[in-house]
Amino acid sequence: MKQWSGKKPQNLKKTLGALGAYLGRHKLMLLAVAVLVTISAVANLLGTFMIKPVVNVFIAQDGGARLITGVLITAAIYFAGALSALGYTQIMVNVAQRIIYDIRRDLLSHVQKLPLKYFDTTKTGDVMSLFTNDVDTISDALNNSFATLIQNAIQAVGTLILLFVLNWKLSIVVAVCYFAMIMYIRYSGKKSKMYFNRQQNILGEMDGYIEEMINGQKVIKVFNHEEENLSGFKERCEQLRRAGTGANTYADTMLPAVVTLSYINYAIVAVLGGIMAIRGQTDIGSLASYLVFVRQSAMPINQVTQQSNFILSALAGAERIFETMQREPEVDDGTIQLVNVTEKDGEITESGKKTGRWAWKEENGSLTPLRGDVRLKNVTFGYSPGHTILHDISLYAKPGQKIAFVGATGAGKTTITNLINRFYDVTDGQIVFDGNDVRDIKKDSLRRSLGIVLQDTHLFNGTIADNIRFGKLDATMDEVIAAAKTANAHSFIRRLPKGYDTMVLSDGANLSQGQRQLLAIARVAVEDPPVLILDEATSSIDTRTEALIEKGMDRLMEGRTVFVIAHRLSTVRNANAIMVMDNGRIVERGDHDELLAQKGLYYKLYTGLFELS
């Protein structure tokens with residue numbers, strides 16, 4: 001686990017700038033909040049200042065004759081402040097939710113644009129924590145702290161000004177106490193911010209750990225690993241406890257410190273003010289108003305310190321969110337698009353309707369029919385610098401050909417398919433699709449032309465039909481059923497309680513592994529792509545089921561370019577070419593009979609003289 005270095009965060013200015021940009025999207029509503037907050041704060045200040053004329057004029061001079069008038073004026077001032085407070089709280093609730101909506105939407109939009117490498121190197125729980133824990137801290141701060149900070153800033157400044165207006169000599173003592181409070185808050189804030197940052201990071205790691213443990217409960221129970229998992233969870237809980245203790249230790253000392261300083265300040269000013277009143281250096285009304293202001297002078301700082309946990313947690317969460325949003329998105333410099341076309345008199349033209357026929361459209365508007373001709377030319381690749389996975393791979397797959405890859409785990413079979421669909425880009429060499437470098441094709445167009453069935457299936461919460469339709473969102477029910485029949489999934493779906501309307505739960509937990517794999521194949525069938533990539537597509541299907549879908553798969557592969565990765569060599573016997581891979585190199589190539597005749601690695605694998613590992 002990554003250990004905290006103890007350094008203070010380096011991106012506070014960037015974080016505040018990014019958060020400010022989101023606030024700026026709702027400037028009119030926030031301006032209304034600021035105006036109403038100002039009215040509320042000024043009303044509070046004027047209400048307190050009214051003590052002086054009420055005592056000196058309405059009581060001392062008029063003998064109480066106009067006391068009711070003074071009280072009514074004061075009440076009106078406070079009433080205006082109360083209405084303003086009601087107004088800005090309601091507006092702030094609305095604008096806070098709009099800002100959180102914007103952040104969540106933009107975060108998901110950006111995360112979906114990140115390269116696959118990000119998801120391969122980041123725990124799912126850590127990513128989820130961005131959308132839950134971190135966004136929630138910003139929401140809490142906006143709802144609880146934004147308007148409070150504005151109001152307290154106005155009250156703090158206004159109180160100091162009125163204190164100097166009423167008695168500048170006593171105000172020097174107040175200013176010194178103010179300075180001491182601010183310096184302590186600044187010191188404690190820096191310390192607690194470091195711990196809040198660590199707390200948010202640990203929360204993300206803990207979410208990832210919990211998700212991993214929950215998803216792996218079957219394996220955990222099989223290997224009796226409950227105690228070890230509990231031990232790992234306790235360790236993370238202890239780290240979270242220490243981080244939370246450190247954060248709140250500093251944050252929670254601010255309020256007692258401020259309150260203590262305010263009491264000391266009040267006692268000193270009350271004694272000095274009393275002496276000045278006895279000597280005639282100030283009047284009773286001014287002193288009464290002044291002492292109330294002194295008592296209130298610490299309130300803005302008290303409230304800010306009470307909000308410090310919200311603010312510091314929000315800054316820590318925002319820093320994690322905006323760091324993720326500043327990651328470079330997946331690069332797509334492609335200009336060639338995949339478009340629907342129609343053919344008339346031997347010429348193809350772009351169609352605005354879905355025709356089921358496709359062509360590559362270049363920047364100059366020229367159209368090239370999509371055929372499914374894929375070629376790898378001297379391709380070299382490594383997931384990290386200095387660690388090469390594929391070495392000088394060259395092969396071709398003509399339209400309608402079936403190319404199979406066999407070899408031990410880690411030989412580079414899946415890596416080749418990852419490069420074809422540009423989950424990663426080649427380090428050296430070139431991949432050509434219908435004469436176009438795949439890097440010149442827009443990624444969404446490239447991936448629309450490819451149908452992929454992975455070994456690890458992923459189903460979504462929804463009906464069986466919805467999961468099949470994921471390959472083609474506008475597919476009709478007839479198309480869904482036809483795709484299911486092609487994959488031989490129709491028979492088991494029909495036996496389910498609600499057939500195609502049966503809900504899929506928890507990534508298909510209510511289905512068998514083989515049934516999930518059949519749905520994944522049906523999902524590709526409804527997409528009807530010109531190129532298929534089958535990465536251990538039948539690995540979770542028993543031999544009998546595999547035989548049943550073989551004809552359906554043959555129909556699906558007819559006229560298409562197909563790349564097959566398989567451990568079961570029986571599934572690749574009818575391939576046009578079989579690539580035998582070892583340590584990132586193609587060591588043998590040919591059809592089934594040719595490779596058996598060579599009596600090399602493929603022969604040993606097929607006859608059982610050598611086992612795949």
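Is Glu-330 buried, partly exposed or exposed? Keep that in mind for a minute. First, a caution: this is a predicted model.

Now the answer. Glu-330 has a relative accessible area of 21%, so it counts as partly exposed. The cut-off matters here, because buried means under 20%.

What does Glu-330 bind to in a salt bridge? Its partner is Arg-447, with the closest N and O atoms 2.9 Å apart. This pair links distant parts of the chain. Glu-330 sits in the loop between helix 12 and strand 1. Arg-447 sits in helix 14, residues 443-448. The two are 117 residues apart. Arg-447 is partly exposed as well, because its relative accessibility is 26%.

Stay in that loop for a moment. It runs between helix 12 (308-325) and strand 1 (337-344), and Asp-332 is in it too. At 31% relative accessibility, Asp-332 is partly exposed. Asp-332 belongs to a patch of negative charge on the surface. The other members are Asp-333, Asp-440 and Asp-444.

Back to salt bridges. How many does a search of the whole structure find? The count is 17. Here are two more of them.

Take Asp-425 and Arg-422. Their closest N and O atoms are 2.7 Å apart. Arg-422 is buried, at 3% relative accessible area. Asp-425 is partly exposed, at 31%.

Next, Asp-437 and Arg-439. Their side chains meet at 3.1 Å, N to O. Asp-437 is buried, with a relative accessible area of 10%. Arg-439 is partly exposed, with 31%. Elsewhere, salt bridges that share partners form a network. Its members are Arg-25, Asp-102, Arg-105 and Asp-106.

Now a nonpolar surface. Which residues make the patch of about 390 Å²? They are Ile-264, Ile-268, Val-271, Leu-272 and Ile-275. Leu-272 lies in helix 10, residues 226-278. Its relative accessibility is 35%, so Leu-272 counts as partly exposed.

On to two helices. Start with helix 2, residues 27-49. Helix 2 has 23 residues. From first C-alpha to last, it reaches 32 Å. At 1.5 Å a residue, 33 Å is expected, and the reach is close to that. Look at its buried residues on the model. Among them are Leu-30, Val-33, Val-37, Ala-41 and Leu-45. Ser-40 and Thr-48 are buried too.

Then helix 18, residues 513-527. It has 15 residues, which should span 21 Å at 1.5 Å a residue. Its end C-alpha atoms are 22 Å apart, which agrees.

Why do we call helix 18 largely enclosed by the rest of the structure? Because 12 of its 15 residues are buried. The buried set includes Leu-518, Leu-519, Ile-521, Val-524 and Val-526. It also includes Arg-516, Gln-517 and Arg-523. Gly-514, Ala-520, Ala-522 and Ala-525 complete the list.

One last stop. Just after helix 18 comes Asp-528. Asp-528 takes a positive phi, about 55 degrees.

To recap. Glu-330 is partly exposed, and its salt bridge to Arg-447 links distant parts of the chain. Four Asp residues, 332, 333, 440 and 444, gather in a negative surface patch. Helix 18 is largely enclosed.

Definitions and conventions:
Residues are numbered from 1 along each chain as its sequence is written. This is a predicted model: local features need pLDDT of at least 70, side-chain atom pairs count only at pLDDT 80 or more; totals for chains, interfaces and linings use all residues. Side-chain values use heavy atoms; hydrogens and water are left out. Patches are made of residues with over 30% relative accessible area and no salt bridge: like charges are joined within 9 Å, nonpolar side chains (Val, Leu, Ile, Met, Phe, Trp, Tyr) within 5 Å. Accessible areas come from the Shrake-Rupley method with a 1.4 Å probe; for residues, only the protein chains shown count as cover. Lys and Arg count as positive and Asp and Glu as negative; His and the chain ends are not counted. The place of a charge is taken as NZ of Lys, CZ of Arg, CG of Asp or CD of Glu. Helices (H or I, at least four residues) and strands (E, at least two) are DSSP runs, numbered from the N terminus. Buried means under 20% relative accessible area, exposed over 50%, partly exposed in between (1.4 Å probe, protein chains only). The expected span of a helix is 1.5 Å times one less than its number of residues.
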